[in-house]
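Subject: Structure handover

Hi,

Here is the structure I promised to pass on. Please load it before reading further.

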Amino acid sequence: MSDLRFFRSGGIAALAGTFALFVAGGAQAADIAQGKEKADQVCAACHGKDGNTPIDPSYPRLAGQHGDYLRHALRAYQTDQRKNPIMGAQAKQLSRADIDNLAAFYASLPGQLSHQR
Ligand code: HEC
């Protein structure tokens with residue numbers, strides 16, 4: 001009998017998990033146009049308008065990097081898991097949606113670092 005109860009609560013947890021994924025998925029639909037707008041306003045100053053022409057050779061090229069990686073990097077700066085005074089300050093100004101949009105935008109640009117799929 002306790003087996004049955006366990007099964008039921010598991011079923012509800014699975015359902016709740018599916019719902020949470022659905023909600024998160026909806027909120028995360030990245031908008032490349034909005035990403036570009038923000039990038040032009042803020043990020044282009046250092047990373048270049050095309051994400052390939054940083055103002056200093058030590059600044060990374062963002063164009064064509066994987067969206068997952070860019071998103072991860074920005075969240076890491078935001079939470080100080082990746083420590084950098086410049087990017088830490090930049091990332092802390094960004095919302096979750098900004099990060100998704102910026103990552104999608106830079107990932108969509110032709111990069112020089114990797115082959116395009
Ligand atoms: C004032 C200059 C400056 C501005 C503005 C700036 N960045 Fe950066 N960015 C840097 C520097 C310097 C690094 C390298 C930091 C390090 O070594 O971790 C960097 C690194 C990054 C990285 C990590 C790239 C990699 O290959 O790991 C990402 C992603 C990034 N920036 C995104 C952005 C976005 C998005 C914006 C706009 C919201 C932005 N940056 C604005 C200077 C800047």
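My notes follow, from the overall fold to single residues.

**Overall**

Bear in mind that this is a predicted model. The secondary structure comes to 5 helices and 0 strands. From the N terminus on, the order is therefore simple to write: α-α-α-α-α. The protein has 117 residues, and 20% of them count as buried. Take the contacts with a separation of 6 or more: 67% of them join residues 24 or more positions apart.

**Ligand shell**

There are 18 residues around the ligand. C43, C46, P60, N84 and L102 come nearest. By class, the shell has 14 nonpolar and 4 polar residues. No charged residues are found in the shell. Which helix gives the largest share of the shell? That is α2, with 5 residues. Helices α2 (32-47), α3 and α4 each supply at least two residues.

**Helix α3**

Helix α3 runs over residues 67-78. Its 12 residues should span 16 Å at 1.5 Å a residue. The end C-alpha atoms of α3 are 16 Å apart, so the length agrees. The buried residues of α3 are L70, R71, A73, L74 and Y77. These cover an arc of only 160° around the axis, so they sit on the same side of α3. The background is helix geometry: with 3.6 residues a turn, residues three or four places apart point the same way. The buried residues of α3 pack against α4 and α5.

**Helix α5**

Helix α5 covers residues 96-108. Its 13 residues should span 18 Å at 1.5 Å a residue. The end C-alpha atoms of α5 are 18 Å apart, which agrees. The buried residues of α5 are I99, D100, N101, L102, A103, A104, F105, Y106 and A107. What covers them includes α2 and α3.

I99 is found in α5. Is I99 buried or exposed? It is buried, because 23 other C-beta atoms lie within 10 Å, and 20 or more is the cut-off. Leaving out residues up to four places away in sequence, I99 touches R71, L74, R75 and L94. I99 and A73 are 26 residues apart along the chain. Their C-alpha atoms are separated by 9.7 Å.

A103 deserves a look too. Neighbours within four places aside, A103 is in contact with A30, G67, L70, R71 and L74.

**Nonpolar core**

The largest nonpolar core has 15 residues. Those with the most contacts inside it are L70, L74, L102, A103, F105, Y106 and A107. The elements that give two or more residues to this core are α2, α3 and α5. Which one gives the most? It is α5, with 7 residues. L102 is thus worth a second look: it belongs to this core, and it is also among the residues that come nearest the ligand.

**Loops and the C-terminal segment**

D80 lies in the loop between α3 and α4 (85-91). It comes just after α3. D80 has a positive phi of about 60°, although it is not a glycine. Most residues other than glycine have a negative phi. D80 is exposed, because just 11 other C-beta atoms lie within 10 Å, and exposed means 12 or fewer.

N52 is in the loop between α2 and α3. It has 17 C-beta neighbours inside 10 Å, so N52 counts as partly exposed. Not counting residues up to four places away in sequence, N52 touches R61, A63 and Q112. N52 and G111 are 59 residues apart in sequence. In space they are 7.0 Å apart, C-alpha to C-alpha.

L113 is in the segment after α5. With 12 C-beta neighbours inside 10 Å, L113 counts as exposed. Beyond its neighbours within four places in sequence, L113 is in contact with R61, G64 and Q65. L113 and L62 are 51 residues apart in sequence. Their C-alpha atoms are 9.0 Å apart in space. R61 appears in both contact lists, that of N52 and that of L113.

Best wishes

Definitions and conventions: Residues are numbered from 1 along each chain as its sequence is written. This is a predicted model: local features need pLDDT of at least 70, side-chain atom pairs count only at pLDDT 80 or more; totals for chains, interfaces and linings use all residues. Helices (H or I, at least four residues) and strands (E, at least two) are DSSP runs, numbered from the N terminus. A residue is near a molecule or strand if its C-beta atom, placed from the backbone, lies within 6 Å of it. Ala, Val, Leu, Ile, Met, Phe, Trp, Tyr, Cys and Pro count as nonpolar, Asp, Glu, Lys and Arg as charged, and the others, Gly among them, as polar. The expected span of a helix is 1.5 Å times one less than its number of residues. The arc is that of the directions from the helix axis to the C-beta atoms. Two residues are in contact if their C-beta atoms, placed from the backbone, lie within 7 Å. A nonpolar core is a set of buried Ala, Val, Leu, Ile, Met, Phe, Trp, Tyr and Cys residues joined through C-beta atoms within 7 Å.
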